[in-house]
Amino acid sequence: MTIAEMTSRQHRRRVRVWFGEHVIAQYVAEAPLAARYEQAMRRRFAGLRVTNDVLGPLDSTD
């Protein structure tokens, strides 16, 4: 993995929408797009938990 890939990976975020213990939607993007998606999901699914986490270098997008 190159330094550019590592730097890019560190700025990516994973947004997930949870229904209880189950992830019903997941989105991975750069921080500004992830924040925008998070806000949209919070409006659409007001009663559900929405998380926005840093995607670490070893985390998978699956």
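How many salt bridges does the count come to in this protein? The count comes to two salt bridges, and both are shown in the legends below, which describe a predicted model.

**Figure 1. Overview of the fold, with two helices and three strands in the protein.** Followed along the sequence, the helices and strands come in the pattern α-β-β-α-β. Of the 62 residues of the protein, 26% count as buried. Among the contacts in the protein with a separation of 6 or more, 53% are made by residues that are 24 or more positions apart.

**Figure 2. The open sheet, in which three strands are arranged in the order β2-β1-β3.** The pairing in this sheet is antiparallel. Strands β2 and β3 (49-54) stand at the edges and have a single partner strand each, so one side of each of them is left without a neighbour in the sheet. From one strand to the next, the twist averages 20°. Helix α2 packs on the sheet and touches β1, β2 and β3, while the direction of the helix makes about 150° with that of β2.

**Figure 3. The hairpin formed by β1 and β2, with two residues between the strands.** Strand β1 (residues 12-19) pairs with β2 in the antiparallel sense, and the pairing runs over eight bridges. Along the hairpin, Arg 13 stands opposite Ala 29 in β2, and Val 17 stands opposite Ala 25 in β2. In the turn, the residue to look for is Gly 20, which has a positive phi of about 65°.

**Figure 4. The aromatic pair, the one such pair found by a search of the whole structure.** The pair consists of Tyr 27 and Tyr 37, whose ring centres are 4.3 Å apart and whose planes stand at 25°; the pair is therefore stacked, since planes under 30 degrees apart count as stacked. The two rings link distant parts of the chain, with Tyr 27 in strand β2 (residues 22-30) and Tyr 37 in helix α2 (residues 31-44), 10 residues apart.

**Figure 5. The surroundings of Tyr 27, a residue of strand β2.** Is Tyr 27 buried, exposed or partly exposed? Its relative accessible area is 29%, so Tyr 27 is partly exposed. Leaving out residues up to four places away in sequence, Tyr 27 touches Arg 13, Arg 14, Val 15, Leu 33, Ala 34 and Tyr 37. Tyr 27 and Asn 52 are 25 residues apart along the chain, and their C-alpha atoms are separated by 9.3 Å.

**Figure 6. The salt bridge between Asp 53 and Arg 16.** The closest N and O atoms of this pair are 3.6 Å apart. The salt bridge links distant parts of the chain, because Asp 53 belongs to strand β3 and Arg 16 to strand β1, with 37 residues from one to the other. The relative accessibility of Asp 53 is 33%, so this residue counts as partly exposed.

**Figure 7. The salt bridge in which the side chains of Glu 38 and Arg 42 meet.** The distance from N to O in this pair is 2.9 Å. Both Glu 38 and Arg 42 lie in helix α2, where they are four residues apart, about one turn of the helix. Which of the two partners is buried and which is partly exposed? With 13% relative accessibility, Glu 38 counts as buried, whereas Arg 42, with a relative accessible area of 35%, is partly exposed.

**Figure 8. Arg 49 placed over the face of Trp 18.** In this view, Arg 49 lies at 4.5 Å from the ring centre of Trp 18.

**Figure 9. Pro 32, a residue of helix α2.** The relative accessible area of Pro 32 is 63%, so this residue is exposed. Pro 32 and Arg 12 are 20 residues apart in sequence, and the distance between them in space, from C-alpha to C-alpha, is 9.3 Å.

Technical notes:
Residues numbered from 1 in each chain as written. Predicted model: local features only at pLDDT ≥ 70, side-chain atom pairs only at ≥ 80, totals over all residues. Heavy atoms only, no water. Phe/Tyr/Trp six-rings, centres within 6.5 Å; stacked < 30°, edge-to-face > 60°. Buried < 20%, exposed > 50% of the residue type's maximum accessible area, 1.4 Å probe, protein only. Lys NZ or Arg CZ within 6 Å of the ring centre and 35° of its normal. Pairing = 2+ DSSP bridges. Axes fitted to C-alpha atoms, helices over the stretch in contact; angles between N-to-C directions. Contact = heavy atoms within 4.5 Å. Salt bridge = Lys/Arg side-chain N within 4 Å of Asp/Glu carboxyl O.
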